[in-house]
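Please open the model in your viewer and keep the selection panel at hand. The tour below proceeds from stop to stop, stating what to select and what is found there.

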Amino acid sequence: MWAKNHMLRALTDVISVALSYLLAFMALYGTFPNGIKWYGLFLMILIYFMSAIIPVKKTSPEEESTAETFEGALRQTVYMSFFLAVFLFFFARNNYETKIFFIMQIGFLLLCLNLGRIYCKAVILNYYDKDKNKIRLLIFANKTNALTAMRRLAASKLCRYDLIALAIVDGETEQVELNLIQYRDGRSYMTIESKDIGEYMKRQAIDEALLSLPNSSREYISGLLKTLQSMGIVAHVTANSLGLSEEAKQVGELGNYRVLTYGTRIFTPAELFIKRTMDICGALAGLLLTGILSIFVVPAIWLESPGPAIFKQIRVGKNGRKFAIYKFRSMYMDAEERKRELMEKNEMNGLMFKIKDDPRITKIGRFIRKTSIDEFPQFFNVLKGDMSLVGTRPPTVDEFEQYEEHHKRRLSLKPGITGMWQVSGRSDIQDFEDVVRMDLEYIDNWSVWLDIKILIQTVFVVFSHKGAS
């Protein structure tokens, strides 16, 4: 049913896209002339499906709040605007009429997508208002977590489900107490009566079961699963029932083994492909700008401090891989040797080095750091694949060798030219643990939309010099 809801959402979106195109055409020309460009309508629908493959958080339509619905419509509009702008740039006539139509199309697209999704959500909720359409769910929980399990489910927007009973399992004796559920005010529940669990499952209409049994033995859980399967009841087993925490996991294959892949965040091939595509496009544009800046920056660096204008340093990247990072040199040639003398003045708590008015920085170096121009050669690192446009700050080898276990997870993605730390006022952050916390927040919540948001914030930070060191 979850898939059907998303198919209905996609159908509603296609209708909204078509309607937005027709409205934009009518707004521009005042009517629907016989010569309406139907190929443009098919192009917009094609662009919708192209943008729809960009991975986003899979929230069922009926579970979204009004703000989340609008955010989703806005995100879809931004993606489609990008693809449409690329198409018009290469294939359409660059005239006044084309620009006006583009603006109108985007405006109507956001309006129609948002209204269409609100309507779609209303249709789905109306469908699930009927008891016969709800999924009847039986819950198994231990005594120690029964209340927590009910509270978590009650707080969820599970309008598709009708929670019919709670089976409380004693983790030691494996005796089961069955409590039939009756909702009051949509959140609480009350016990009506207790019955034999086996007889109840045989005689009652049950579609699915949720097993949250952290204190039960594997043998009991395995036996219960076999019983549920024999009755044709779909079973969901929570991670804590298997002694695992609740980070991301998926079933897959490794060689000839069927495995459960487990991690704090598992990225799909589609997600990695989209991120890499963005990196390549951004790196090519960035290298073009880097070449232009080099005409002015390189001579200025060399005149103040003779030596190579490009600074090369070994840094640590994804999962501990070492690579050479490139920057416009902003310090004197003996900067690394002088760092040892300045360590006692370090203003950061932890495994990063930073001091105010660093005497190793040249005059031109202060300017290119303040404007972030020194970072531009890193677009070559992005093109090579060592870095990403958005990610975490790559540590030096010295810093990496002092890492504790929990620090290394910040390297589970490629390091980036910019990131959440950089757009959060980096000069005001004095504790390395705060940097780690923001890096992990980025990794755990990564999406294409978040990368775009950080890139836009980076532009404002650079021009306002906010957080520049």
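**Stop 1: Lys327 and its surroundings**

Select Lys327 first; apart from neighbours within four places in sequence, Lys327 is in contact with Ala309, Ile310, Phe311, Arg315, Asp374, Glu375, Pro377 and Gln378, where contact means heavy atoms within 4.5 Å. The model is predicted: local features need pLDDT of at least 70, side-chain atom pairs count only at pLDDT 80 or more, and totals for chains, interfaces and linings use all residues. Residues are numbered from 1 along each chain as its sequence is written, and side-chain values use heavy atoms, with hydrogens and water left out.

Lys327 is found in strand 10. Helices (H or I, at least four residues) and strands (E, at least two) are DSSP runs, numbered from the N terminus. Is Lys327 buried or exposed? Its relative accessibility of 18% counts as buried, since buried means under 20% relative accessible area, exposed over 50% and partly exposed in between, with a 1.4 Å probe and protein chains only.

Add Glu375 to the selection. The side chains of Glu375 and Lys327 meet in a salt bridge at 3.9 Å, N to O; the term denotes a side-chain nitrogen of Lys or Arg within 4 Å of a carboxyl oxygen of Asp or Glu. This pair links distant parts of the chain, with Glu375 in the loop between helix 10 and helix 11 and Lys327 in strand 10, 48 residues apart.

**Stop 2: further salt bridges**

A search of the whole structure finds nine salt bridges. Select Asp170 and Lys143, whose side chains form one of them (3.5 Å, N to O). Asp170 is in the loop between strand 2 (161-169) and strand 3 (176-184), while Lys143 is in the loop between strand 1 (135-142) and helix 5 (146-155), 27 residues apart. Asp170 is buried, with a relative accessible area of 18%, whereas Lys143 is exposed, with a value of 56%.

Move next to Arg409 and Asp444, which are joined by a salt bridge of 3.0 Å, N to O. Arg409 sits in the loop between helix 12 (397-401) and strand 12 (416-418) and Asp444 in helix 13, 35 residues apart. Arg409 is partly exposed, with a relative accessible area of 24%; Asp444, at 34%, also counts as partly exposed.

**Stop 3: the largest nonpolar core**

Select Val297, Ile301, Phe328, Ile368, Tyr442 and Ile454. Of the 43 residues in the largest nonpolar core, these touch the most other members. Such a core is a set of buried Ala, Val, Leu, Ile, Met, Phe, Trp, Tyr and Cys residues joined through side-chain atoms within 4.5 Å. Among the elements that each supply at least two residues of this core are helix 8 (269-304), strand 10 (322-328), helix 10 (363-370) and helix 14 (448-464). Which element gives the largest share? Helix 13 does, with seven residues.

Centre the view on Ile301. Leaving aside neighbours within four places in sequence, Ile301 is in contact with Ala309, Phe328, Arg329, Ile364 and Ile368.

**Stop 4: aromatic pairs**

The structure holds eight aromatic pairs. Rings of Phe, Tyr and Trp (its six-membered ring) pair if their centres lie within 6.5 Å; planes under 30 degrees apart count as stacked, over 60 as edge-to-face and the rest as tilted. Select Tyr21 and Phe101: this pair is edge-to-face, with 5.6 Å centre to centre and 80° between the planes. Tyr21 lies in helix 1 (residues 2-29) and Phe101 in helix 4 (residues 96-128), so the pair ties together parts that are 80 residues apart in sequence. Tyr21 is buried at 4% relative accessible area, and Phe101 is buried at 18%. Adding Phe25 displays one aromatic cluster, formed by Tyr21, Phe25 and Phe101.

Then select Leu41, in helix 2 (residues 38-52). Leu41 touches Ala18 and Tyr21, not counting residues up to four places away in sequence, and is buried, with a relative accessible area of 10%.

**Stop 5: a nonpolar surface patch**

Finally, select Phe82, Val86, Phe89, Phe90 and Phe91, which make a nonpolar surface patch of about 630 Å². Patches consist of residues with over 30% relative accessible area and no salt bridge; like charges are joined within 9 Å and nonpolar side chains (Val, Leu, Ile, Met, Phe, Trp, Tyr) within 5 Å. Accessible areas come from the Shrake-Rupley method with a 1.4 Å probe, and for residues only the protein chains shown count as cover. Phe90 is found in helix 3 (residues 66-91) and is exposed, with a relative accessible area of 58%.
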